[in-house]
There are 2 protein chains.
Amino acid sequence: MANNPLMDRCESTIIHEDIINEVKAHMPKEESLYDLAELFKVFGDTTRIKILYALFASEMCVCDMAALLNMTQSAISHQLRVLKQARLVKFRKDGKVVYYSLDDHHIQQIFNQGLNHINE
Amino acid sequence: MANNPLMDRCESTIIHEDIINEVKAHMPKEESLYDLAELFKVFGDTTRIKILYALFASEMCVCDMAALLNMTQSAISHQLRVLKQARLVKFRKDGKVVYYSLDDHHIQQIFNQGLNHINE
DNA sequence: TGAATATATGAACAAGTATTCATATGTATA
DNA sequence: TATACATATGAATACTTGTTCATATATTCA
């Protein structure tokens with residue numbers, strides 16, 4: 001039976017069908033789970049976390065963020081694009097300078113809960 | 001001045017030094033930010049999100065998770081290792097069967113805040 | 001208009017990661 | 001003890017992603 005595609009799935013024998021059905025009934029829909037993972041992916045990078053923490057304290061221009069984090073303007077700019085696409089930051093222009101700020105009030109709470117887990 | 005390493009950092013001219021200092025004063029320490037990013041990295045994968053949501057509803061064995069998510073036992077097992085290392089799940093053994101369950105009560109709140117952001 | 005400068009962006013590269021495949025480990029049972 | 005089976009794991013692979021480099025865009029000011 002080397003060709004049975006279910007070979008690697010516990011011999012295709014579901015041990016607790018009742019539990020599986022119970023769990024299935026409580027699962028959010030696929031799309032929500034995907035979007036949630038995408039959101040956390042955005043949080044899963046030190047540079048972006050730092051940018052967001054910086055913006056908790058004050059709006060900032062790209063140049064200042066680069067100086068603050070000791071990174072190139074390009075690297076910061078690329079990451080800001082990711083944060084923009086995730087609707088986490090917004091910006092306003094003042095001449096050449098672009099000021100970024102937070103566009104979501106959940107972020108801080110999410111981060112705090114995350115820190116709670118870490119500091120346990 | 002093509003060799004100036006600060007060339008790409010806004011000519012090394014910090015525009016708003018006051019803001020940078022203000023922000024610096026409020027930044028958590030490097031290590032916390034790193035750990036936080038590591039935690040969110042764990043959340044940043046659909047398979048792991050699904051596993052955790054499943055465990056919100058009930059403890060489950062590896063085999064059932066594989067059946068539920070229609071994935072190989074091996075893939076599930078690898079992801080459970082990541083979740084274990086992040087201290088997000090714990091397990092108990094009953095004969096051959098290993099039952100996994102949540103090891104943190106913050107997860108659900110973090111996910112709910114995440115969904116709030118998505119559904120806005 | 002031309003020079004300076006703040007930001008954005010495409011391409012390339014290096015590093016990280018999720019899954020698969022093969023196989024090992026550990027437990028129950030015939 | 002031998003077999004079955006639930007789980008774990010190392011290696012390989014395909015895919016993703018963060019940064020750099022070069023350059024484009026846009027705005028100010030002389």
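A polar contact is a pair of N or O atoms within 3.5 Å; within protein, one atom must be able to donate a hydrogen and the other to accept it, and residues adjacent in sequence count only if both atoms are side-chain atoms. One such pair joins the protein to DNA strand D, where a backbone N or O atom of Val62(B) lies 3.2 Å from a phosphate oxygen. This is a predicted model, in which local features need pLDDT of at least 70 and side-chain atom pairs count only at pLDDT 80 or more, while totals for chains, interfaces and linings use all residues. Residues are numbered from 1 along each chain as its sequence is written, chains are lettered from A and ligands numbered from 1 in the order in which they are written, and side-chain values use heavy atoms, with hydrogens and water left out.

**DNA strand D**

- Counting a residue as near a strand if one of its heavy atoms lies within 4 Å of it, 26 residues surround DNA strand D, and the closest are Ser74(A), Gln79(A), Cys63(B), Ser74(B) and Tyr100(B).
- Of the atoms of DNA strand D within 4 Å of the protein, 62% belong to sugar or phosphate, and the rest belong to bases.
- Besides Val62(B), a backbone N or O atom of Val98(B) lies 3.2 Å from a phosphate oxygen of this strand, and in chain A an N or O atom in the side chain of Thr72(A) is 3.2 Å from a phosphate oxygen of DNA strand D.
- With helices (H or I, at least four residues) and strands (E, at least two) taken as DSSP runs numbered from the N terminus, the largest share of the surface near DNA strand D, six residues, comes from H5(B).
- By class, this surface has nine nonpolar, 10 polar and seven charged residues, where Ala, Val, Leu, Ile, Met, Phe, Trp, Tyr, Cys and Pro count as nonpolar, Asp, Glu, Lys and Arg as charged, and the others, Gly among them, as polar.

**DNA strand C**

- DNA strand C is surrounded by 26 residues, of which the closest are Ser74(A), Tyr100(A), Thr47(B), Ser74(B) and Gln79(B), and sugar and phosphate account for 61% of the strand's atoms that come within 4 Å of the protein.
- The side chain of Tyr100(A) has an N or O atom 2.6 Å from a phosphate oxygen of DNA strand C.
- Bases of DNA strand C are reached from chain B, since a polar side-chain atom of Ser74(B) lies 2.7 Å from a base nitrogen, and an N or O atom in the side chain of His78(B) is 3.1 Å from a base oxygen.
- The largest share of the surface near DNA strand C, six residues, comes from H5(A).

**Helix packing**

- Within chain B, the axes of helix H4 (residues 62–69) and helix H5 (residues 73–85) come within 9 Å and cross at roughly 115 degrees, which means that H4(B) is roughly perpendicular to H5(B), a term for angles of 65 to 115 degrees.
- This contact, meaning heavy atoms within 4.5 Å, is made by Val62(B), Met65(B), Ala66(B) and Leu69(B) of H4(B) and by Gln73(B), Ile76(B) and Leu80(B) of H5(B); these residues divide into six nonpolar, one polar and no charged.
- Between chains, helix H2 (residues 30–43) of chain A and helix H6 (residues 107–118) of chain B pack at an angle of about 100 degrees, with their axes 10 Å apart, which makes H2(A) roughly perpendicular to H6(B).
- Axes here are lines fitted to C-alpha atoms, for helices over the stretch in contact, and angles run from 0 to 180 degrees between N-to-C directions.

Note on methods
Angles under 35 degrees count as roughly parallel, over 145 as roughly antiparallel, 65 to 115 as roughly perpendicular and the rest as oblique.
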